[in-house]
Amino acid sequence: MLSTHQRDFSAPIDRTKLERLAETAIKVGLRLQPGQDLYLTASVAALPLARAIADEAYKAGAGLVTPIFSDEEIALSRFRFAADASFDRAPGWLYEGVAKAFDANTARLAIVGEDPMLLAEADPAKVARANKANSIAYQPALEKIAGFDINWNIVAYPSASWAKRVFPGEEDDVAVGKLAEAIFAASRVDNDDPIAAWTAHNSALRRRTEWLNGKKFRALHYSGPGTDLTIGLADGHDWQGGSATAKNGIACNPNIPTEEVFTTPHARRVEGHVVSTKPLSYQGTLIEGIAVRFEAGHIVEAKAKRGEEVLKKVLDTDEGAGRLGEVALVPHSSPISKSGLMFFNTLFDENAACHIAVGQCYAKCFVDGDKLTTEEIATRGGNKSMIHIDWMIGSERIDIDGLDANSDRTPVFRKGEWA
Ligand code: ZN
Ligand code: ZN
């Protein structure tokens, strides 16, 4: 008998929409340029989408598509059988190569869709060590992603193991079919012209960022059940959303789907307390019921109803891991939120609610961000860390005010919607 990880589950997935998703990833997500190389990561479960993406990439004139595949069974094998010393290891040689590829203007596409609770049964201490080793090794490549050196994009594929988490009551193939449709709808490929749909969506997001950038708020104040939080914004911060231009000059949509507008908070000017409103799935561990308190930008108290040990280890990764690197606004009425689904995947769940991220900031979220040095970004309040983890703090009960230089208040969100 084949396990969930081994059987081919592509049958219930609409082929036309899958091909549209591949085309959207290449033409909207990456805007891959003729002659440009592509580095592609995916799970073996996502082979049908990876192959469709390779077709679209070469049709668009790709130089070379290099796929690197992962496998859930092999990931679990490590936690079952590996010697203790294995958990401090990571393929640094691979990430150094990836960083070199980015230096040579290679685009990056990640297909996500792993089982969000793959490592739920594994020893949390080993998971934390493996995560830390990986974060350290990944740093040279992550810096170039976070610094937006090259065009990159993330899309999702409905693996059976993920689909069963989202639709636990369904037969495997029914769950895959349902998750596929949810991914296609959220990714705006459930219509005949996804490219036009993305053009319209990008301009709607641009109207929001232009309004926020005109306001130049000093801070945002959040209030709601369990939450009274003031997030100072970085000096010279810039709100972004939808399509953005990488340092290599290519305008792309890094996340498909995306509903957020986001900017860089001030790493040393966050005060108050906040609770998470949705579970966070972090590298195979589900972290739920997060409650943290900030003082001078740093998390000084952290609790979680589930996964607290992993959360605390994550916040301890380095000095910046307990400080904010992103603040993002998403209306409660976003299509992903309206689907009512909990995806247990940040790419989707972060687009269902307002969120914050601890860890590394996005250098591009500054006025003239591409010209700033690492020191200038830090001086303006940009955070630096090996990690970047989004978690959801928005709901229909959250109000947000913008505070200007005189601390005058402008309503930004009321009951989870744009005011
Ligand atoms: Zn975000
Ligand atoms: Zn983020």
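1. Donors here are N, O and S atoms within 2.8 Å of the metal (3.2 Å for Na, K and Ca), and water is not among the atoms, so sites may look incomplete. With that in mind, the donor residues of the zinc ion (ligand 1) follow the spacing E-x65-E-x23-E-x4-H along the sequence.

2. Some housekeeping before going on. This is a predicted model, where local features need pLDDT of at least 70 and side-chain atom pairs count only at pLDDT 80 or more, while totals for chains, interfaces and linings use all residues. Residues are numbered from 1 along each chain as its sequence is written, chains are lettered from A and ligands numbered from 1 in the order in which they are written, and side-chain values use heavy atoms, with hydrogens and water left out.

3. On to the metal site itself. Glu260 (OE), Glu326 (OE), Glu350 (OE) and His355 (NE2) are the protein donors of the zinc ion (ligand 1), at 2.0 to 2.5 Å from it. I'd call the arrangement irregular, because the four donor atoms subtend angles of 74 to 153°; four donors count as tetrahedral only if all angles lie between 85 and 135 degrees, and as square planar if opposite donors are over 155 degrees apart and all others between 65 and 115.

4. Glutamate 326 also bridges to the zinc ion (ligand 2), and the two zinc ions lie 3.4 Å apart. Glutamate 260 sits in the loop between strand S9 (251-252) and strand S10 (261-263), and glutamate 350 in the loop between helix H11 (346-349) and strand S17 (355-359), so the pair ties together parts that are 90 residues apart in sequence. Helices (H or I, at least four residues) and strands (E, at least two) are DSSP runs, numbered from the N terminus. Glutamate 260 and glutamate 350 are both buried, meaning under 20% relative accessible area (1.4 Å probe, protein chains only).

5. Have a look at asparagine 253 too, in the loop between S9 and S10. Asparagine 253 is buried, at a relative accessible area of 2%. Its side chain makes a polar contact of 2.9 Å with the side chain of asparagine 202 (a pair of N or O atoms within 3.5 Å; within protein, one must be able to donate a hydrogen and the other to accept it, and residues adjacent in sequence count only if both atoms are side-chain atoms).

6. In helix H5 (residues 124-146) you'll find alanine 130, buried with a relative accessible area of 7%. The C-alpha atoms of alanine 130 and phenylalanine 87 are 4.7 Å apart, although 43 residues separate the two along the chain.

Conventions: Four donors count as tetrahedral if all angles lie between 85 and 135 degrees; four count as square planar and six as octahedral if opposite donors are over 155 degrees apart and all others between 65 and 115; anything else is irregular. Buried means under 20% relative accessible area, exposed over 50%, partly exposed in between (1.4 Å probe, protein chains only).
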